[in-house]
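Biologist: Please take me through the helix packing, the pocket and the cavity of this model, and justify each term that you apply.

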Amino acid sequence: MSKRHNWSIPYFVFMVLFVVLPLLLVAVYAFQDGNGRFTFANIVRFFSDSNALSTFALSIEVAIENTVLCILIGYPAAWLLANRKYNRSAVTIILFILPMWINALMRTLATAELFNILGVQLGKGTLLYGMVYDYLPFMIYPIYTILQKMDKSYAEAAEDLGATPSQVFWKVTVPLSMPGVRSGILMVFMPTVSTFAISEFLTNNKIKLFGTIIQENINSSMWNYGAALALIMLLIIGISTLFNKNDGEEAESSLI
């Protein structure tokens, strides 16, 4: 253990056992039938299953709506938190991050009980409310981090050249904060598509998302089809992360 690279061995073992191996098992089960024979039937079944496709489309719709709401609420909140003129207390930042300290399932159950007490009928509206409540901090924090670390000389240079505060915001602050926005979108959009507990408790299982049908297939011992659905979800997540690369360079180049 005298060599520095040897300290990475425990992390490598952990990654193999709890990341690589489970992903390989998902891929193996996805391309097998009940008898263990290789097949593409599980993947083909998804594209021919109208129920799965409609659930997937609904999941994408809910994820887009939730992401847009989180951006509309989260960006102004992150900007106010990062602006010392409006925020001079670390307590305000903690209040935004505080919900993340509580288990997501407990927050969802508490939200469902609150709606029951108020007599609010559970449906898509309550689902979106719960989604925004649960995932808003994941939108605020990356945007806040980028805004906090942003080089203020860009804004100062724009002001020296005669730009108004609104022009500085839209032409300097917003482009430079895009890496944080894209990170927030990634952290909100994909978990929304794959979640099942929030939709189950906040709609009384009236609205099923993609994660729900994966859970139902696994619970019904339909491991192969469930693994195929999970693999499709993993591929979508992998493709979406490609759009989050080289954000810093793209943001700065947009100012040139």
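Modeller: The model is a predicted one. Helix 8 gives five residues to the lining of the largest pocket, the largest share.

Biologist: How much space lies in the largest pocket, and which residues are closest to its centre?

Modeller: The space in the largest pocket is about 640 Å³. Its lining has 19 residues, and W79, N83, K152, A155 and T173 are the closest to the centre. Helix 3, helix 6, helix 7 (153-160) and helix 8 each give two or more residues to this lining.

Biologist: How do the residues of that lining divide by class?

Modeller: Nine are nonpolar, four are polar and six are charged.

Biologist: Why are helix 3 and helix 8 called oblique to each other?

Modeller: Helix 3 (residues 50-82) and helix 8 (residues 165-194) pack at an angle of about 140°. An angle counts as roughly antiparallel over 145 degrees and as roughly perpendicular from 65 to 115. The value of about 140° falls in neither class, and the two helices are therefore oblique. Their axes are 9 Å apart, and the crossing of helix 3 with helix 8 is right-handed.

Biologist: How do you know that these two helices are in contact, and which residues take part?

Modeller: Contact requires heavy atoms within 4.5 Å. On the side of helix 3, the residues that meet helix 8 include S59, I60, V62, A63, C70, Y75 and W79. On the side of helix 8, the residues include F169, T173, V174, S177, V181 and F189. By class, this contact has 15 nonpolar, six polar and no charged residues.

Biologist: What makes a space a cavity rather than a pocket, and how many cavities of 30 Å³ or more are found?

Modeller: In a cavity a 1.4 Å probe fits but cannot get out, whereas a pocket is open. A search of the whole structure finds one cavity of 30 Å³ or more. The largest cavity holds about 50 Å³ of space, and that value is therefore above the cut-off of 30 Å³.

Biologist: Which residues line the largest cavity, and which helices supply them?

Modeller: The lining consists of L81, I93, F96, I97, P137, I140, Y141 and Y144. Helix 4 (90-97) and helix 6 (124-149) each supply at least two of these residues, and helix 6 has the largest share, with four.

Biologist: What makes the two tyrosines, Y141 and Y144, count as nonpolar in this lining?

Modeller: The classification places Tyr among the nonpolar residues. By class, the lining of the largest cavity therefore has eight nonpolar, no polar and no charged residues.

Definitions and conventions. Residues are numbered from 1 along each chain as its sequence is written. This is a predicted model: local features need pLDDT of at least 70, side-chain atom pairs count only at pLDDT 80 or more; totals for chains, interfaces and linings use all residues. Side-chain values use heavy atoms; hydrogens and water are left out. On a 1 Å grid over the protein atoms alone, a cavity is a set of points where a 1.4 Å probe fits but cannot get out, and a pocket is an open set with protein on both sides within 12 Å along at least five of seven lines; lining residues have an atom within 4 Å of a point. Grid points are joined across faces, edges and corners, and a volume is the space filled by probe spheres set on the points. Axes are lines fitted to C-alpha atoms, for helices over the stretch in contact, and angles run from 0 to 180 degrees between N-to-C directions. Angles under 35 degrees count as roughly parallel, over 145 as roughly antiparallel, 65 to 115 as roughly perpendicular and the rest as oblique. A crossing is left-handed if the near helix is turned anticlockwise from the far one by less than a right angle, and right-handed if clockwise.
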